[in-house]
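Let's take a walk through this structure, one piece at a time. Have the sequence and the 3D view ready.

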Amino acid sequence: MGENESSLPNTSPQDKKMAYHKVNADQRAQGHSPYLDNDDLQATALELEWDMEKELEEPGFDHFRLDGAVQHHLGNSQSPDLDLEPIQPSASPKGRFQRLQEDPDYISHYTRQAPKNNRCNFFQILKVFCTALIVFIFGIVIGYYSGKKCPSPPASPEPNNPHTYLEILKEIKAENIQQIYRDLLQFSREDDVDTAMKILVQWTSYGLEDVQLVNYSVLLDLPGSSSNTITLKNSGECFYPDGQQCNRGTKTLHSQDLLNSYAAYSAKGTLEAELVDIQYGTIEDLIRIQAITNVTKKIALLKLGQSPLLYKLSLLEDAGFGGVLLYVDPCDLPKTTDLADKAFMVSLNSGGDPSTPGYASIDGSYRQHRLNLTTLLVQPISAVLAKKLISVPENSVRKDRCVPLQLPSTEKKIISLNIQSVTTYRTISNVIGYLKGTVFPDRYVLIGSHHSSLNTSSGQEWASSTAIITAFIQALMLKVKRGWRPDRTIVFCSWGGTSFGNIGSYEWAEDLKRVLQRNVVAYVSLHNPVRGNSTLHPIASPSLQQLTAESQSFNCVEKTKCPGSNVSSVQIQGDSDYFINHLGVPAMQFSYEDINKSENSSFLSEALFPVHATKTEELDPSFKLHETIAKLTGQVTLQIANEPVLPFNALDIALEVQNSLKVFIGDKVDASQLLAVASQLRDTAELFQSDEMRPANDPKERAPIRVRMLNDVLQSLEKSFLVQQAPPGLYRCITKRRERPAVLLFPLQSSLWKTKP
């Protein structure tokens with residue numbers, strides 16, 4: 001050690017160079033930029049060397065050994081390439097020295113007294129420990145008292161527990177629905193926005209947390225100041241749509257019903273032409289009529305039924321007709337109803353605001369001011385007027401059976417049709433309420449009704465559906481206040497503008513289309529739930545048919561006769577249209593009717609007959625039918641909203657497709673390949689339900705991620721069966737049964753009129 005110390009003052013240039021490299025390496029090891037090796041920074045390097053020499057001369061340095069430095073220099077003199085290790089960046093943020101101290105093989109010979117700040121480490125650690133302990137104790141105290149003042153809600157019961165559903169549904173009572181119904185009628189004659197606002201206040205009063213009022217300014221076709229007229233030129237008699245002769249007395253007798261007996265969005269004006277009876281307006285009827293007469297600019301006498309009105313009107317428009325008189329044949333009406341002397345309203349709007357077709361009516365949207373949606377002058381008339389126009393004597397109707405109305409082919413009737421209506425922009429409102437789910441809050445189960453819309457001929461029937469959905473909300477919120485919540489979000493909807501073409505639901509869905517396409521699971525409809533009192537008529541998309549059938553048996557304990565399990569898949573009328581047609585969402589509804597669903601009676605609900613307050617009370621004086629509909633609808637809604645695996649049936653979809661193809665195609669040889677594909681679809685659906693759905697429904701085998709993936713598949717099943725285009729008025733979903741193979745017959749429409757004689 002002494003020899004080394006005596007040689008320091010007379011250090012050779014080579015040793016100084018070694019010391020320079022050592023200092024330079026140590027500086028870079030402590031995080032200095034590698035750009036210090038540049039020749040332009042030699043002055044800086046020399047200053048570092050000079051500082052080091054001064055440090056070596058300081059007192060107390062005699063305890064520092066340079067053995068390591070000398071050995072390092074000698075060991076690397078033979079191979080300069082091995083001198084890379086010291087200049088590598090230190091892995092320790094405190095530099096290479098600290099890293100060496102952390103090395104277990106490193107022995108420090110530096111015996112200088114430790115810095116004074118190390119003496120404070122113990123006190124600093126003690127302060128940190130005491131502070132953490134105080135914060136921990138303080139947090140425990142706060143948590144205890146906050147938990148005592150705000151107790152956590154009780155755990156949700158099993159989501160698929162039938163007992164929970166019964167507890168909710170037993171709160172739905174007929175007397176509650178009746179009281180809500182009568183309360184709604186008190187403001188039935190007010191403006192649409194006012195009616196919607198009062199529904200919002202009512203839903204909020206029951207505890208529904210998030211309720212919104214959504215307004216749209218839309219183009220409506222409203223009745224004019226005077227009623228439309230039909231004049232029989234042969235006799236000069238003038239009639240109103242209900243069959244009464246034109247005079248001041250009858251005009252003031254039922255002025256509101258007469259004004260509302262019209263076709264919204266029909267062409268306006270006057271047309272005088274021959275009346276042509278085309279019965280139900282089927283393809284066969286049109287071919288038969290065209291074979292015997294020229295129909296250009298003539299007026300068709302058309303019955304409702306068998307197929308959608310818009311589809312039949314599109315055929316008549318292409319054929320060249322100028323006008324249409326619509327009526328419902330008395331033979332298609334139930335015997336318990338007396339609607340023969342009443343006209344009705346229809347809408348020729350396929351859906352949504354006509355001024356913004358295909359997109360929402362929001363601020364900034366481009367608008368098309370369309371006075372009409374067809375070139376035809378369309379007027380609904382009563383069956384009584386239809387009999388007068390075809391000159392059917394009253395005593396010709398047989399009592400033992402009903403004879404359908406038909407214009408004799410030998411008679412030629414000339415009539416004059418005068419139609420006046422007004423297109424104007426009005427505000428319609430939707431009421432949207434949310435009950436947020438806990439497990440799948442981003443999956444929505446929609447349940448919808450409609451409310452009064454601008455004093456149209458739909459009368460008071462809207463109050464029935466609104467009363468039912470309100471009673472269901474009331475029962476649900478009683479359970480929610482006790483801590484229960486559904487797994488999926490339930491969205492309650494009261495639509496405006498339904499009678500003009502489901503405008504409210506279309507505009508809302510078009511506005512939120514991307515969100516709804518991804519998140520809506522199902523749509524439960526309450527459109528006109530009590531239309532009669534004899535038959536419970538359930539309608540459901542194929543994937544919901546099994547659930548709908550099973551739900552009918554839950555109330556059998558209280559009934560002497562259980563409802564039938566036959567579930568139809570015909571088109572659902574009302575605001576479910578957009579969700580089925582454009583989003584591919586499964587839908588269902590329960591309703592009481594007096595009409596046996598036959599081929600002729602289908603689509604009669606397109607006629608909106610005036611319904612007054614006393615009519616509902618007469619059909620269901622005790623409101624027990626309303627209660628049954630509410631409980632059935634609630635049962636289905638709760639199951640869809642709470643079952644871990646969506647209660648959809650993939651096999652029913654495959655069977656519906658296969659059966660429809662067999663009916664429509666028949667025994668055609670060229671369709672064998674298509675039927676084979678449908679058979680494979682059925683086999684795949686069976687395998688899917690056994691291998692995928694069965695394990696997911698077993699709680700022991702259920703994996704949350706797998707359940708989520710499976711639900712996404714089930715939710716999208718019916719979307720796969722939407723066709724790009726469909727005839728007007730018909731569903732785009734091919735899994736819906738149709739009384740006529742409309743999709744296959746639609747290509748005939750363009751060539752049909754080439755068969756004229």
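Thr164, Glu167 and Ile168 in helix 7 meet Ala475, Leu476 and Lys479 in helix 15, where contact means heavy atoms within 4.5 Å. This is a predicted model, in which local features need pLDDT of at least 70 and side-chain atom pairs count only at pLDDT 80 or more, while totals for chains, interfaces and linings use all residues. Residues are numbered from 1 along each chain as its sequence is written, and side-chain values use heavy atoms, leaving out hydrogens and water. Helices (H or I, at least four residues) and strands (E, at least two) are DSSP runs, numbered from the N terminus.

Back to that helix pair: its contact residues divide into 3 nonpolar, 1 polar and 2 charged. Here Ala, Val, Leu, Ile, Met, Phe, Trp, Tyr, Cys and Pro count as nonpolar, Asp, Glu, Lys and Arg as charged, and the others, Gly among them, as polar. The axes of helix 7 (residues 162-169) and helix 15 (residues 461-480) come within 8 Å and cross at roughly 125°. Axes are lines fitted to C-alpha atoms, for helices over the stretch in contact, with angles running from 0 to 180 degrees between N-to-C directions. Helix 7 and helix 15 are therefore oblique to each other; angles under 35 degrees count as roughly parallel, over 145 as roughly antiparallel, 65 to 115 as roughly perpendicular, and the rest as oblique.

Now for the sheet. Seen strand by strand, this open sheet of 7 strands has the order 1-11-13-12-14-16-15, with mixed pairing; two strands pair if DSSP finds at least two bridges between them. Strand 1 (210-223) and strand 15 (535-540) stand at the edges with a single partner strand each, so one side of each has no neighbour in the sheet. On average, neighbouring strands here are turned by 20° against each other, direction ignored.

Edge strand or not, strand 15 has 5 of its 6 residues buried, so the rest of the structure largely encloses it. Buried means under 20% relative accessible area, exposed over 50%, and partly exposed in between (1.4 Å probe, protein chains only). Strand 15 runs antiparallel to strand 16, joined by 6 bridges, and His537 has Ser591 as its bridge partner in strand 16. Strand 14 (residues 520-525) pairs with strand 16 (residues 587-593) in the parallel sense over 3 bridges, with Val524 opposite Met588.

Helices lie against this sheet too. Helix 9 (residues 192-205) lies across strand 1, strand 11 (421-435) and strand 13 (488-495), at about 5° to strand 11.
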